[in-house]
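Visitor: I have a structure open here and would like to go through it with you. Could you take me through it piece by piece?

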Amino acid sequence: MPDSLTLTPIGFIRTGKQVKFQARHQPAEGEEERNVLELSPGCNYEQALQDLAGFDRVWLLWWFHRNKTWRPLVMPPRGPAKRRGVFATRSPHRPNPLGMTPVRLIGVEKRRLILGPCDLVEGTPVFDVKPYVAAYDCFPEAKAGWIGEVDAELSKPARFVVHLSALADIQARWLWEHWEVDFLPRLIELLSRDPSLHRTRRITRRDDRLRLIGCGAWRAVFSVDSERVDVLAIEPGFPMRFLTRPGYEDVPDREAQMAFLERWPEVVA
Ligand SMILES: C[S@@+](CC[C@H](N)C(=O)[O-])C[C@H]1O[C@@H](n2cnc3c(N)ncnc32)[C@H](O)[C@@H]1O
């Protein structure tokens, strides 16, 4: 066997998710999403797609092309801040950065596959498509190691009670009313479960008293006292000097972030 093998993508996916945090850790099945996998011309892929339309789901095998390194131990976003062996996770930081995602197949149009929710960013190279066959691919009783333990913990009632300050409440409402940005349910879910520092969950220390959590393109400043979490203010994820810089046009919620900084120019917590 050769030491290395060469693969050629069969195509590239268009998902509109420009930055990694826009893609969920696994597909958000509950959401309406339409993604397009465009297979390369001149390879007879139209023929290769014959008979696929009858399947509800397909596996996509793809490359985490935005990753340059791998790590033997990684800290998954779910569960306590604990490092796990990369092969026991679905982390992108793998020696061969191959991703696999079972996605809903909405339609086949010549060389294009119309797909439902997925966790791939815009332009991800795809190496293969296979039909998802529940009889082969689904083992609902199979043990899921540390993920099963984390899920059991998540099924218990949340430990922390989250309060919004008057300012955070006004800011959240303003974002929703003016820009239809609503990350509050996700923020409250995360903080009510576990507000402790966690790099992959994007919870960092702001100073001796305050912490920051990243939620999509936004951040929230909060404090923790016993089992109470106080969200004091919301902030855009990027400062104005980045938002106005050429090359940053695709930052998610860019206009909303700029308008927010005009409305609340000072750091308020
Ligand atoms: C946790 S991985 C799981 C991927 C796949 N479902 C799996 O289990 O192999 C999903 C994350 O990969 C990241 N991602 C998506 N496309 C990527 C790409 N082309 N390069 C690097 N990271 C990517 C996104 O941040 C997304 O949240």
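Guide: What follows goes from the overall chain to its sheets, a helix, a pocket and one residue.

Visitor: Fine. What kind of model is this, and how many helices and strands does the chain have?

Guide: This is a predicted model, and the chain in it has seven helices and 13 strands. Along the principal axes, the C-alpha atoms fill a box of roughly 60 × 45 × 35 Å.

Visitor: What percentage of the residues is buried?

Guide: Of the 269 residues in the chain, 37% are buried. As for contacts, if one takes those between residues at least 6 apart in sequence, 67% of them join residues at least 24 apart.

Visitor: On to the sheets. Which strands close into a barrel?

Guide: Six strands do so, in the order E1-E2-E7-E6-E3-E8, and their pairing is antiparallel. Direction ignored, neighbouring strands of this sheet are turned by 45 degrees against each other on average.

Visitor: How many bridges join E1 to E8?

Guide: Two bridges join them, strand E1 covering residues 11-14 and strand E8 residues 125-131, and the two run antiparallel. For Phe12, the bridge partner in E8 is Pro125.

Visitor: And the open sheet, what is its strand order?

Guide: The open sheet has five strands in the order E9-E13-E12-E11-E10, with mixed pairing. Its edge strands are E9 and E10 (203-205), each of which pairs on one side only. Here the average turn between neighbouring strands, direction ignored, is 35 degrees.

Visitor: Do E9 and E13 run parallel or antiparallel?

Guide: E9 and E13 run parallel and are joined by four bridges, and within this pair Leu164 stands opposite Val231 in E13.

Visitor: Which strands does H5 lie across?

Guide: H5 lies across E9, E11, E12 and E13, and its direction is at about 135 degrees to E11. The helix spans residues 184-193, and its buried residues are Leu184, Leu187, Leu190, Leu191 and Ser192.

Visitor: What covers those buried residues of H5?

Guide: The cover includes helix H4 (166-179) together with strands E9 (161-164), E11 (211-215), E12 (218-225) and E13 (228-236).

Visitor: And which strands does H7 lie across?

Guide: H7 lies across E12 and E13, running at about 100 degrees to E13.

Visitor: Switching to pockets, what volume does the second largest one have?

Guide: Its volume is about 200 Å³. The elements that give two or more residues to its lining are E13 and helix H7 (254-263), with E13 contributing the largest share, three residues.

Visitor: Which residues lie nearest the centre of that pocket?

Guide: Of the 16 lining residues, those nearest the centre of the second largest pocket are Arg219, Glu235, Pro236, Leu261 and Val267. By character, the lining divides into ten nonpolar, two polar and four charged residues.

Visitor: Last topic, Val74. Why does Val74 count as buried?

Guide: Val74 has a relative accessibility of 3%, and it counts as buried because the cut-off for that class is under 20%. Val74 lies in strand E4, which covers residues 73-74.

Visitor: What is Val74 in contact with, leaving aside its neighbours within four places in sequence?

Guide: With those neighbours left out, Val74 is in contact with Lys82, Arg83, Arg84, Val86, Thr89, Ser91 and His93.

Visitor: And how many Å separate the C-alpha atoms of Val74 and Pro195?

Guide: They are separated by 20 Å, while along the chain Val74 and Pro195 are 121 residues apart.

Key
Residues numbered from 1 in each chain as written. Predicted model: local features only at pLDDT ≥ 70, side-chain atom pairs only at ≥ 80, totals over all residues. Heavy atoms only, no water. Buried < 20%, exposed > 50% of the residue type's maximum accessible area, 1.4 Å probe, protein only. Contact = heavy atoms within 4.5 Å. Pairing = 2+ DSSP bridges. Axes fitted to C-alpha atoms, helices over the stretch in contact; angles between N-to-C directions. 1 Å grid on protein atoms, 1.4 Å probe; cavity = no way out; pocket = protein on both sides within 12 Å on 5 of 7 lines; lining within 4 Å. Points joined across faces, edges and corners; volume = space filled by probe spheres on them. Nonpolar A, V, L, I, M, F, W, Y, C, P; charged D, E, K, R; others polar.
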